[in-house]
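I opened a fresh page for this one and wanted to get my bearings. Below is what I pulled up, followed by my notes.

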Amino acid sequence: ITISKGEECVLEDNSQRTKWKVISPTGNEAMVPSVCFTIPPPNQEAIDTASRYSTQILTDTLIRISNTCRNM
């Protein structure tokens, strides 16, 4: 497997300390030295969006439960 600097790979398994299973941009899978990669920090915009969706789903669910209980 050949991975060039700056290419993004999919991290399949990082349970081992020194070797990680990755999928290259071309779809090849391999165990590679973990020292060759950095994991970027979380994307704050994505975290905020997921949090808003989670809050909205919880709110909608509670409203449905409340309405169901009133109709019993």
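Is Thr61 buried, partly exposed or exposed? I looked up its relative accessible area and got 32%. Buried would need under 20% and exposed over 50%, so Thr61 counts as partly exposed. A note to self before going on: this is a predicted model.

**Where Thr61 sits.** I found Thr61 in helix H1, which covers residues 44-70. Then I checked how far Thr61 is from Ile1. They are 60 residues apart along the chain, and their C-alpha atoms are separated by 47 Å.

**Overall build.** I went through the secondary structure next. I have one helix and three strands for the protein, and reading along the sequence gives β-β-β-α.

What radius of gyration does the protein have, and what would a compact globule of 72 residues have? I wrote down 21 Å for the protein, against a value near 11 Å for the globule. The box around the C-alpha atoms, taken along the principal axes, is roughly 60 × 25 × 25 Å.

**Inside and outside.** I looked up burial for the whole protein: buried residues make up 10% of the 72. The accessible surface comes to about 6300 Å², and carbon and sulfur atoms account for 54% of that. I also took the contacts between residues at least 6 apart in sequence, and 15% of them join residues at least 24 apart.

**Charges.** I have 7 positive and 8 negative charges in the protein. The mean positions of the two sets are 6 Å apart.

**The annotated stretch.** UniProt has an unreviewed entry here, and it lists residues 1-42 as "domain: SH3". I checked what the model does over residues 1-42 and got 33% strand and 0% helix. The C-alpha atoms at the two ends of that stretch are 27 Å apart.

**Met31.** I picked one strand residue to follow up. Met31 lies in strand E3, residues 29-33. Is Met31 buried, partly exposed or exposed? Its relative accessibility is 42%, and since exposed starts over 50% and buried is under 20%, Met31 goes down as partly exposed.

Which residues does Met31 touch, leaving aside its neighbours within four places in sequence? I listed Gln16, Lys19, Trp20 and Lys21. For Gln16 I also looked up the spacing: Met31 and Gln16 are 15 residues apart in sequence, and 10.0 Å apart from C-alpha to C-alpha.

Technical notes. Residues are numbered from 1 along each chain as its sequence is written. This is a predicted model: local features need pLDDT of at least 70, side-chain atom pairs count only at pLDDT 80 or more; totals for chains, interfaces and linings use all residues. Side-chain values use heavy atoms; hydrogens and water are left out. UniProt positions are given in the numbering used here, feature names are shortened, and annotations may be inferred rather than shown by experiment. Helices (H or I, at least four residues) and strands (E, at least two) are DSSP runs, numbered from the N terminus. The radius of gyration is taken over C-alpha atoms; the globule rule is 2.2 Å times the number of residues to the power 0.38. Buried means under 20% relative accessible area, exposed over 50%, partly exposed in between (1.4 Å probe, protein chains only). Contact means heavy atoms within 4.5 Å. Accessible areas come from the Shrake-Rupley method with a 1.4 Å probe; for residues, only the protein chains shown count as cover. Lys and Arg count as positive and Asp and Glu as negative; His and the chain ends are not counted. The place of a charge is taken as NZ of Lys, CZ of Arg, CG of Asp or CD of Glu.
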